[in-house]
Amino acid sequence: MRQLNGVFTQNINRKHGRVGHLFQGRFKGILVDKDAYLLELSRYIVLNPVRANMVAHPQDYDWSSWHATVGSNPAPDWLVVDNLLCYLVQSAR
């Protein structure tokens, strides 16, 4: 994260003629130890572009994991869709 916040930010700032931090606040790793919290975070991440009025529906945001979650795009190796879908089904009961 230091490399990302340091060298990458300097390159972007030079390219776009800006100064200062590229990302607000420091990176934080948060332990997700409860299923309910995992579901809340998953919803938050997918719905964030909609709530920010960037798009009307999560499927309209190209950078969303929504596409892989619903099966319209293949999921990258690091995205464990099956477990998340199991939690969603269980929480709906």
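Where in α2 does a kink of about 35° lie? I looked this up before anything else, keeping in mind that the model is a predicted one, and I found the kink at Ile45, shortly before the proline Pro49.

**Helix α2**

I then compared the span of α2, residues 35–51, with what its length would suggest: at 1.5 Å a residue its 17 residues should cover 24 Å, and the end C-alpha atoms lie 23 Å apart, so the two values agree. I noted this agreement alongside the kink of about 35° at Ile45.

Next I asked which residues of α2 are buried, and the list I obtained is Leu39, Ser42, Val46 and Pro49. An α-helix has 3.6 residues a turn, so residues three or four places apart point the same way. I followed the buried residues of α2 to their partners and found that they pack against α3, at 66–69, and against α4, at 81–92.

**The loop between α2 and α3**

Just after α2 I stopped at Asn53, which takes a positive phi of about 60° although Asn53 is not a glycine. Most residues other than glycine have a negative phi, and most peptide bonds are trans. I placed Asn53 in the loop between α2 and α3, and I recorded it as exposed because its relative accessibility is 70%.

Is Ser64 buried or exposed? I entered Ser64, which is found in the loop between α2 and α3, as buried, because its relative accessibility is 13% and the cut-off for buried is under 20%. Leaving aside residues up to four places away in sequence, I found that Ser64 touches Val46 and Pro58, and I noted that Val46 is itself one of the buried residues of α2. I also took the C-alpha separation of Ser64 and Thr9, which are 55 residues apart along the chain, and obtained 23 Å.

Asp62 has its place in the loop between α2 and α3 as well, but I recorded this residue as exposed, since its relative accessible area is 65%. For the pair Asp62 and Asp33, 29 residues apart along the chain, I computed a C-alpha separation of 29 Å.

**The nonpolar patch**

Turning to the surface, I asked which residues make a nonpolar patch of about 250 Å², and I found Phe8, Leu22 and Phe23. I located Phe23 in the loop between α1, at 2–16, and α2, and I entered Phe23 as partly exposed because its relative accessible area is 39%, which falls between the cut-offs of 20% and 50%.

**Helix α4**

My last entry concerns Ala92, which lies in helix α4 and which I recorded as exposed, given its relative accessible area of 67%. I paired Ala92 with Ala56, 36 residues apart along the chain, and noted that their C-alpha atoms are separated by 24 Å.

Definitions and conventions
Residues numbered from 1 in each chain as written. Predicted model: local features only at pLDDT ≥ 70, side-chain atom pairs only at ≥ 80, totals over all residues. Heavy atoms only, no water. Patch = residues over 30% accessible without salt bridge, like charges linked within 9 Å, V, L, I, M, F, W, Y side chains within 5 Å. Areas by Shrake-Rupley, 256 points an atom, 1.4 Å probe, with all protein chains shown as cover. Salt bridge = Lys/Arg side-chain N within 4 Å of Asp/Glu carboxyl O. Helix = DSSP H or I, 4+ residues; strand = E, 2+ residues; numbered from the N terminus. Buried < 20%, exposed > 50% of the residue type's maximum accessible area, 1.4 Å probe, protein only. Expected span 1.5 Å × (residues − 1). Bend = angle between axes of the 7 residues up to and from the residue. Contact = heavy atoms within 4.5 Å.
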